[in-house]
Amino acid sequence: MTASPTSPASLPTVRLRVPTDEDARAWHEVFDDPDVMEFLGGPAELSLYEEFTARQRMHDAQLGFCLWTLLDADGAVIGFTGAQPWPQEKAWGPVGEIEIGWRLGRSAWGKGYAYAAALATLERVRAAGLGQVVAMINDENRRSIAVAERLGMTLAERFLLPNGRSYGRRYELVLAAG
């Protein structure tokens, strides 16, 4: 578990750790909010998070990165951040690419945590040797769009989502060796 040394002093301290079995419950609790899950299909059952955290542990062991549990300076779970391969089983999206992302509980919104967490993610994926990442964001998710643009990501594509009713955006970022 490490803090993000690249975060500007004005940003909150964030710590990342590989998700534990207990984090499945913490994620379920933090994300059990219709507003948090507005662009992700609504709140999910605990079993989804149990499988999800197990998959992230596998990604970390195999790839050196995953969606890490995001903790505040006091050690409270406030969400997750990180990177993972776009799922092969999805019939749409950037299959074969590495997607970065962040999801925070409502209590962490508007405090700089998403940006600080995204900076920590970029630092870690650069260290793992990645040359590029993408971010897939719902067109209406202004908070995540702002984070992606603040990171310097470039809008590569706007597309109709599989639901046929709303649009998404694919952002890209080429990572300089570091």
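This report walks through the predicted model shown above, from the whole chain down to a few individual residues.

**Ground rules**

The model is predicted, so to speak of local features a pLDDT of at least 70 is needed, side-chain atom pairs count only at pLDDT 80 or more, and totals for chains, interfaces and linings use all residues. Residues are numbered from 1 along each chain as its sequence is written, and side-chain values use heavy atoms, with hydrogens and water left out.

**The whole chain**

Let's start with the overall picture. The protein chain has 4 helices and 8 strands; these are DSSP runs numbered from the N terminus, with helices being H or I over at least four residues and strands being E over at least two. Reading from the N terminus, the order is β-β-α-α-β-β-β-α-β-α-β-β. The chain's radius of gyration is 15 Å, close to the 16 Å that the globule rule gives for 178 residues, so the chain is as compact as a globular protein of that length. (That radius is taken over C-alpha atoms, and the rule is 2.2 Å times the number of residues to the power 0.38.) Along the principal axes, the C-alpha atoms fill a box of roughly 40 × 40 × 35 Å.

How much of the chain is buried? Of the 178 residues, 47% count as buried. Here buried means under 20% relative accessible area, exposed means over 50%, and partly exposed is in between, using a 1.4 Å probe and protein chains only. The accessible surface comes to about 9,000 Å², and 49% of it belongs to carbon and sulfur atoms; the areas come from the Shrake-Rupley method with a 1.4 Å probe, and for residues only the protein chains shown count as cover. Contacts (heavy atoms within 4.5 Å) also say something about the fold: among those with a separation of 6 or more, 59% are between residues 24 or more positions apart.

**Helix α1 and its two sides**

Helix α1 covers residues 21-31, and its buried residues are Asp 23, Ala 24, Trp 27, Val 30 and Phe 31. They span an arc of only 135° around the axis, which puts them on the same side of α1. The arc is that of the directions from the helix axis to the C-beta atoms. On the other side of α1, Asp 21, Glu 22, Arg 25 and Glu 29 are exposed. What covers the buried residues? The cover includes β2 (15-17), α2, β3 (67-71), β4 (77-85) and β5 (98-104).

**Gln 56 in helix α2**

Helix α2 runs over residues 46-63, and Gln 56 is found there. With 0% relative accessibility, Gln 56 counts as buried. Leaving out residues up to four places away in sequence, Gln 56 touches Pro 19, Trp 27, Cys 66, Leu 67 and Gln 84. With Gln 84 there is also a side-chain polar contact of 2.8 Å. A polar contact is a pair of N or O atoms within 3.5 Å; within protein, one must be able to donate a hydrogen and the other to accept it, and residues adjacent in sequence count only if both atoms are side-chain atoms.

**Salt bridges**

Side chains of opposite charge can pair when their charged atoms come close. The structure holds 9 salt bridges, each a side-chain nitrogen of Lys or Arg within 4 Å of a carboxyl oxygen of Asp or Glu. Here are some of them:

| Acidic partner | Basic partner | N to O distance |
|---|---|---|
| Asp 23 | Arg 17 | 2.5 Å |
| Asp 139 | Arg 169 | 2.5 Å |
| Glu 157 | Arg 170 | 3.0 Å |

Asp 23 is buried, at 2% relative accessible area, while Arg 17 is partly exposed at 24%. Asp 139 salt-bridges to Arg 169. Asp 139 lies in the loop between β6 (132-138) and α4 (142-150) and Arg 169 in strand β8 (residues 167-174), so this pair ties together parts that are 30 residues apart in sequence. Both are buried, Asp 139 with a relative accessible area of 10% and Arg 169 with 13%.

**Arg 170 in strand β8**

Arg 170 is found in strand β8 and counts as buried at 16% relative accessibility. Its salt-bridge partner Glu 157 is partly exposed at 33%. The side chain of Arg 170 also makes a polar contact of 2.2 Å with the side chain of Glu 172. Neighbours within four places in sequence aside, Arg 170 is in contact with residues including Pro 94, Val 134, Met 136, Thr 154 and Phe 159.
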